[in-house]
Amino acid sequence: MQINSKDIKFALNNWAKYIMDTRNVSYSLDSRIPIFIQYLNYRSKIVFPKPRKVTFSKLFEQQANQHSNKIAIDKLKIAFEEGKDVNAYLSKDSLNASKFDGLLDYYGVKHFHLGDTIENGFVKRTKDLALVFVNNNEAFFLAIKPHGGDAWHNSDILEILNSEKPNFLNHVKLQGVSNEGDKIDKLDDIKLLRKFNINTFIPIHDDFFFPPGGGRTAAGCNVEHVIAMDSIVEYLEEYFRVLNRIISLEKICTESVWGRLKEFKIDRIYLSESKLDMKDIHVDKFRLKIIASKNKVIYKELSISVI
């Protein structure tokens, strides 16, 4: 029996459920959004602990110096620099995979509470938030804004990013297109379009940009997460097609396919995949178990689990 995309998606979703159950991350079984994409949503919201360079925008520098809780800001800065876990500063919805963050999905910006005491695993919730652009190497603090309202929609933070760290937006800048004529930059228009998961080009100064966070699908999940899942499924489908071709009548060939096969046995093959990264989306290690018979592979079991 040839494995197909449905089998792979089933395995990915089951694996994602297992991972999130072990981490006490909630998700929705009733959602039309696949569990694996909900998992990618959870992964995109959290910050992986590693030392990062920390920089402040001119605006943030001014706000931080005058802020009533400068101690908390300093603690968060040091935690980023030392590679400590900063996820306690995030929204509690960071542990709810079915909750999607518009600020992150459209602008690629995370928000951190500025409390300095821990309550039930999170810092004390605060009215003011630090809006931060975080990548693998750097945390760029953009601005301090009050929770809710315009903080989620106002593109002024992208204007700061474009002015002070334009390299962070180069990959989403439309080339050869100038910002002329009608443009969508009013908050009411942005809120309305977001309500219906409509993506638009973002005008910043004299240029247009794709949503730095990837944007949303009509279903309400991140576009890049859908692309990631589709790419993984397509890759594994091709993998199994190649695997079938190298199965001989008496034994399984021990040659490597794309350098991916790590261990071979006549009765079982284990594929240990250590890295399936789509841009900045990191997928945990997983294992596929395949049952093989004499002259063909019989996929009696397809499961993914933590190695």
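# Close-up views of a predicted model

**Figure 1. The chain holds eight helices and twelve strands.** The model shown here and in the views below is predicted. The chain has 307 residues, and 48% of these count as buried. Among contacts in the chain with a separation of 6 or more, 60% join residues 24 or more positions apart.

**Figure 2. Four strands make an open sheet in the order E1-E6-E5-E2.** The pairing is mixed. E1 (53–56) and E2 are the edge strands, each with a single partner, so one side of each has no neighbour in the sheet. From one strand to the next, the twist averages 35°. E1 pairs with E6 in the parallel sense, over four bridges. E5 and E6 pair in the antiparallel sense. E2 and E5 also run antiparallel.

**Figure 3. Strands E5 and E6 form a hairpin.** Three residues lie between the two strands. E5 covers residues 128–134 and E6 covers residues 138–146. Seven bridges join them. Within this pair, Leu129 stands opposite Lys145 of E6.

**Figure 4. E6 is largely enclosed by the rest of the structure.** Why is E6 described as largely enclosed? Eight of its nine residues are buried, and that is the reason. On the E1 side of the pairing, Phe56 stands opposite Phe141 in E6. Helix H3, residues 58–66, lies across E1, E5 and E6. The helix runs at about 60° to E6.

**Figure 5. Edge strand E2 is covered on both faces.** Lys110 and Phe112 are on one side, and His111 and His113 are on the other. These four residues are all buried. Four bridges tie E2 to E5. Lys110 has Val132 of E5 as its bridge partner.

**Figure 6. The second largest pocket holds about 350 Å³ of space.** Its lining consists of 21 residues. Which of them lie nearest the centre of the second largest pocket? They are Ser91, Phe100, Asp101, Gly102 and His111. Helix H5 (102–107) and strand E2 (110–113) are the elements that give two or more residues to this lining. By class, the lining has nine charged, seven polar and five nonpolar residues. His111 thus has two entries in these legends: it is among the residues nearest the pocket centre, and it is buried on one face of E2.

**Figure 7. Helix H6 packs through its buried residues against helices and strands.** These residues are Ile157, Leu158, Ile160, Leu161 and Asn162. Their packing partners are H3, H5, E5, E6, E8 and E9. Two of these partners, E5 and E6, are the strands of the hairpin. H3 is the helix that lies across E1, E5 and E6.

**Figure 8. Ile160 sits in helix H6, residues 156–164.** Is Ile160 buried or exposed? Its relative accessible area is 14%, under the 20% limit, so Ile160 counts as buried. Beyond its neighbours within four places in sequence, Ile160 is in contact with Ser57, Leu59, Phe140, Leu142 and Lys165. Ala143 lies 17 residues away along the chain, and the C-alpha atoms of Ile160 and Ala143 are separated by 8.8 Å.

**Figure 9. Asn120 has a positive phi in the loop between E3 and E4.** Most residues other than glycine have a negative phi. Asn120 is not a glycine, yet its phi is about 55°. The flanking strands are E3 (118–119) and E4 (122–123). Relative accessibility at Asn120 is 76%, so this residue counts as exposed.

**Figure 10. His205 also has a positive phi, of about 55°.** His205 is not a glycine either. Its loop lies between strand E8 (202–204) and strand E9 (207–209). How accessible is His205, and what does it count as? Its relative accessibility is 44%, so His205 counts as partly exposed. The strands on either side, E8 and E9, are among the elements that the buried residues of H6 pack against.

Key:
Residues are numbered from 1 along each chain as its sequence is written. This is a predicted model: local features need pLDDT of at least 70, side-chain atom pairs count only at pLDDT 80 or more; totals for chains, interfaces and linings use all residues. Side-chain values use heavy atoms; hydrogens and water are left out. On a 1 Å grid over the protein atoms alone, a cavity is a set of points where a 1.4 Å probe fits but cannot get out, and a pocket is an open set with protein on both sides within 12 Å along at least five of seven lines; lining residues have an atom within 4 Å of a point. Grid points are joined across faces, edges and corners, and a volume is the space filled by probe spheres set on the points. Ala, Val, Leu, Ile, Met, Phe, Trp, Tyr, Cys and Pro count as nonpolar, Asp, Glu, Lys and Arg as charged, and the others, Gly among them, as polar. Two strands pair if DSSP finds at least two bridges between them. Axes are lines fitted to C-alpha atoms, for helices over the stretch in contact, and angles run from 0 to 180 degrees between N-to-C directions. Contact means heavy atoms within 4.5 Å. Buried means under 20% relative accessible area, exposed over 50%, partly exposed in between (1.4 Å probe, protein chains only).
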